[in-house]
Amino acid sequence: MSAFILPVILILLLIFCVIKRIKVYDCFLEGTKDSLSLIKSIFPYVAAIFICIELFKASGLSATVSGWLEMPLSYLGIPKEITEIILLVPLSGNGTIALLESIINDCGVDSYPARCAAVIAGATETIFYISAVYFSACKVRKLRYAIPVAIFCTLLGTVVACALCRVM
């Protein structure tokens, strides 16, 4: 049944366009032109974020900082195995998934660190990537408190997620 939803929507859309006498191909080309200008305007921001993320991971800085944060985060109930994933979540979704796989392989699927890491990876967002894309598309230059508040909320959500994983 669900395999037919998309084709049915497309057919209904084409029928609607024929009835309303809308030039579908011209509208498609106009949307394509708009998207290319958007891509051109946000590409430098996205490229800068990706370069910074790769430098952060390749330099070993993420492992070093996570080592420093293991003890303070343990007081909040966060297992030491997931400190690096907490650092990487705001930066890279793919890096987060790779670390999640590593944690699951090392600790086991039903372990407390694996459950915490899975909830954190599934429930958080790549703050810096999203900020670069959306704020650059809206031409926002002064972010003010957007990034610090987003990072604080991510940390707060991480603490709550670990507490819930301990209870469940």
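Leaving aside neighbours within four places in sequence, which residues is T96 in contact with? In this predicted model, the partners of T96 beyond that sequence window are I85, L88, V89 and A121. T96 itself sits in helix α5, which covers residues 93–107. Is T96 buried or exposed? With a relative accessibility of 4%, T96 falls under the 20% cut-off and therefore counts as buried.

It helps to place this residue within the fold as a whole. The chain is built with eight helices and zero strands, and reading along the sequence gives the pattern α-α-α-α-α-α-α-α. Its radius of gyration is 21 Å, well over the 15 Å that the globule rule gives for 168 residues, so the chain is more spread out than a compact globule. Along the principal axes, the C-alpha atoms fill a box of roughly 65 × 45 × 25 Å.

Contacts and burial add to this picture. Of the contacts between residues at least 6 apart in sequence, 61% join residues at least 24 apart. Buried residues, T96 being one of them, account for 28% of the 168 residues in the chain.

Turning to the surface, the accessible area of the chain comes to about 11,600 Å², and carbon and sulfur atoms contribute 72% of that area. As for charge, the chain carries 13 positive and 11 negative side chains. The centres of these two sets lie 15 Å apart.

Terms used. Residues are numbered from 1 along each chain as its sequence is written. This is a predicted model: local features need pLDDT of at least 70, side-chain atom pairs count only at pLDDT 80 or more; totals for chains, interfaces and linings use all residues. Side-chain values use heavy atoms; hydrogens and water are left out. Helices (H or I, at least four residues) and strands (E, at least two) are DSSP runs, numbered from the N terminus. The radius of gyration is taken over C-alpha atoms; the globule rule is 2.2 Å times the number of residues to the power 0.38. Buried means under 20% relative accessible area, exposed over 50%, partly exposed in between (1.4 Å probe, protein chains only). Contact means heavy atoms within 4.5 Å. Accessible areas come from the Shrake-Rupley method with a 1.4 Å probe; for residues, only the protein chains shown count as cover. Lys and Arg count as positive and Asp and Glu as negative; His and the chain ends are not counted. The place of a charge is taken as NZ of Lys, CZ of Arg, CG of Asp or CD of Glu.
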